[in-house]
Amino acid sequence: MLSTLIYRSRMSESLQESDLPGLLRAARGRNEERGVTGILLFDGAYFLQMLEGPEEAVQALFARISRDPRHGQVVLLLEDHAPRRRFPKWGMRLVDVRAHPQGLLDATLAGGMLRGAEARSEDRPFRLMQAFAAGRWREHAAECVLPETWRWDVLPAPFARLSPPERTEDVEAPCRFALQPIVDTARGRVSSLEALIRSPQGGPPQACFAGMGSDALYRFDLESKRHAFALASRIGLGACKLSINLLPMALVSVPDAVGRLVAQIEEAGLKPQQVMVEVTEDEAISHFEAFAVALKGLRAAGIGVAIDDFGAGFAGLSLLSRFQPDRLKIDRQIVTGIDADGPRQAIVRAIVECCRALGIATVAEGVERVEEWCWLQAAGVEFFQGYLFARPGLECVPDINWPVLR
Ligand code: C2E
Ligand code: MN
Ligand code: MN
């Protein structure tokens, strides 16, 4: 099957502009043997390359390109299929977009393309090339360069370390909690701790909820939080918040759920302002009317609310349009590999923009690689959670891996 791939990358400092024609000549021969053709646009710093050819050949070539040190920040923008090549006659033409006034460039591009102007106007490859040539893409992109002046430091989290007897003080508890820091890397502080439920043996949330019918589950979910509050109180939250996860239905179907939650918070010696409730989209949206009543109660008590796993599931914008939380947590599915993924980058840019307009703080979940953090913070995401900084610690706050200025 004929496949089309477009990526953007940045020329490395080791490469000279004058090397380009020679490099391209060499590449052209190799690509032709494999049936890969295309076009390479260059603006003096960035490349936009379109490759066309048999699927496996295009993918193999792109894998090689991604590892090539002569350019960096490779971002995949489009991977698609087409009935025929757009540039059948061009081995691999280099177009310097600085040398072309816009109209001339359009004509040059059009000259290589088979279809008529009307079809082109809604052709994604063509539109991506036009946007690149016009420099418009820079509005949507963010750099992900880790400055030399950063280094990483493992620092102990600023909370009380619990000694083993304290940890096991609650041996009868039907559940335990792990704490994972949500960090504000710009200010070098822990913004909140997320309490993640564990079975008495330390197993995952599913192990803890296993075998419960829905009513028992909702009640248990709500009641379990007293252990999270007690833990938070033992380690001492300070200015940091505690985030808890609740099924929206736990707030809807348990009688006086908000009142019970507030009572638990006070029993542990915490304040409602120190607590944030994370809810996921789909549950909240399918029972929105009842959920809205619970939301009012939470807000009136001073408890913060976050939308969890934004972008996973089916109701992202639908929930956000009806209810604006204090915080929006961008799901790990969108975050993983964001530094090299054009579509996800565009989505996160739009989420950040939208949250800014609405005064909502953004959190990226599941950050595992430096490059992801780098891109996300350049794009304006404020808070980060993930293995890169710290894994959840069972009944403790683990040491945190911090990016610090040298
Ligand atoms: P969540 O609220 O999105 O929590 C984040 C999950 O991602 C946690 O999994 C955490 O361990 C994991 N995680 C954090 N950073 C990374 C990372 O960098 N990479 C990867 N691969 N994973 C990371 P966990 O603890 O297994 O929890 C899974 C889900 O279970 C939670 O997702 C939450 O929706 C739910 N859950 C946890 N505790 C509770 C609770 O008390 N009540 C309810 N209703 N649900 C809970
Ligand atoms: Mn959560
Ligand atoms: Mn989540």
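A364 stands opposite F384 in β14, and that pairing is a handy way into this predicted model. Strands here, like helices, are DSSP runs numbered from the N terminus (E, at least two residues, for strands; H or I, at least four, for helices). β13 and strand β14 (residues 383-384) run parallel and are joined by two bridges; two strands count as paired if DSSP finds at least two bridges between them. To get from β13 to β14 the chain passes through α16, and this β-α-β crossover is right-handed. That label applies if, with the strands pointing away from the viewer, the path from the first strand over the helix to the second runs clockwise.

β13 has another parallel partner to look at: four bridges join it to strand β12 (residues 327-330), with R327 bridged to A361. Now turn to the faces of β13. In a regular strand the side chains alternate between the two faces of the sheet. Here both faces are covered, with A361 and V363 buried on one side and T362 and A364 buried on the other. Buried means under 20% relative accessible area, exposed over 50%, and partly exposed in between (1.4 Å probe, protein chains only).

Follow the chain out of β13 and you reach a metal site. E365 sits in the loop between β13 (361-364) and α16 (370-378). The manganese ion (ligand 3) is coordinated by D308 (OD), D309 (OD), E365 (OE) and E365 (OE), at 1.9 to 2.5 Å. Donors are N, O and S atoms within 2.8 Å of the metal (3.2 Å for Na, K and Ca), and water is not among the atoms, so sites may look incomplete. In sequence these donor residues are spaced D-D-x55-E. The site links distant parts of the chain, with D308 in strand β11 (residues 304-310) and E365 57 residues apart. E365 is buried, with a relative accessible area of 10%, and D308 is buried too, at 5%. D309, also in strand β11, is partly exposed at 25%. D309 has a positive phi of about 55° although it is not a glycine.

D308 does double duty: it coordinates both manganese ions, ligand 3 and ligand 2, which are 4.1 Å apart. For the manganese ion (ligand 2), the protein donors are E194 (OE), N245 (OD1), E278 (OE) and D308 (OD), lying 2.0 to 2.2 Å from it. Their spacing along the sequence is E-x50-N-x32-E-x29-D. E194 lies in strand β8 (residues 189-198) and N245 in strand β9 (residues 241-245), so this pair ties together parts that are 51 residues apart in sequence. E194 is buried at 3% relative accessibility, whereas N245 is partly exposed at 23%.

Away from the metals, E395 is worth a look: its phi is near 55°, a positive value in a residue other than glycine. E395 is found in the loop between β15 (393-394) and β16 (400-405), and it counts as buried at 8% relative accessibility.

Stepping back, the chain holds 16 helices and 16 strands, and buried residues make up 50% of its 406 residues.

A word on conventions: residues are numbered from 1 along each chain as its sequence is written, and chains are lettered from A and ligands numbered from 1 in the order in which they are written. In this predicted model local features need pLDDT of at least 70 and side-chain atom pairs count only at pLDDT 80 or more, while totals for chains, interfaces and linings use all residues, and side-chain values use heavy atoms, with hydrogens and water left out.
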